[in-house]
Amino acid sequence: CYVRDNGIGIDPAYHERIFEVFERLKDVEVEGTGVGRAIVQKIVVTHNGRVVIGTSAAGGASIQLTFPQGDS
């Protein structure tokens, strides 16, 4: 599962830092607190999944969530 946007992107140096609660990387006036990202990461990691951040040179970012395949 992934989410992609066409915003300002995320500098690779901050890919881990954005999952800290209430973390802001720039003084940009946007809604939200950053708590949602921290909660999503906690859920994914709790279920042995991974969160992968991608950034485009043209701008924007993507967040990919992967989970191990379960026993079916």
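**Reading the sheet, helix and core**

User: In this predicted model, how many strands form the open sheet, and in what order?

Analyst: Three strands make up the open sheet, ordered β1-β3-β2, with antiparallel pairing. The edges are β1 (2-4) and β2, each of which pairs on one side only. On average, neighbouring strands of this sheet are turned by 10° against each other, direction ignored.

User: What joins β2 to β3, and which residue in the turn has a positive phi?

Analyst: Six bridges join these antiparallel strands. Within the pairing, Val51 stands opposite Leu65 in β3, and Thr55 has Ala61 as its bridge partner. The two strands form a hairpin with five residues between them, and Gly59 in the turn has a positive phi of about 110°.

User: How should one read the length of helix α1?

Analyst: The span is judged against 1.5 Å a residue: the twelve residues of α1 (residues 35-46) should therefore span 16 Å, and the end C-alpha atoms are indeed 16 Å apart, which agrees. After α1 comes Asn48, with a positive phi near 60°.

User: Which residues form the largest nonpolar core?

Analyst: In soluble globular proteins, nonpolar side chains tend to be buried together. Here the largest nonpolar core has eight residues: Ile10, Ile18, Phe19, Val44, Val51, Ile53, Ala61 and Leu65. The elements giving two or more residues to this core are β2 (50-55) and β3 (61-66).

User: Which residues does Phe19 touch, leaving aside those up to four places away in sequence?

Analyst: With those neighbours set aside, Phe19 touches Arg37, Ala38, Gln41, Val51 and Ile53. Val51 and Ile53 also belong to the core.

Note on methods:
Residues numbered from 1 in each chain as written. Predicted model: local features only at pLDDT ≥ 70, side-chain atom pairs only at ≥ 80, totals over all residues. Heavy atoms only, no water. Core = buried A, V, L, I, M, F, W, Y, C linked by side-chain atoms within 4.5 Å. Buried < 20%, exposed > 50% of the residue type's maximum accessible area, 1.4 Å probe, protein only. Helix = DSSP H or I, 4+ residues; strand = E, 2+ residues; numbered from the N terminus. Contact = heavy atoms within 4.5 Å. Expected span 1.5 Å × (residues − 1). Pairing = 2+ DSSP bridges. Axes fitted to C-alpha atoms, helices over the stretch in contact; angles between N-to-C directions.
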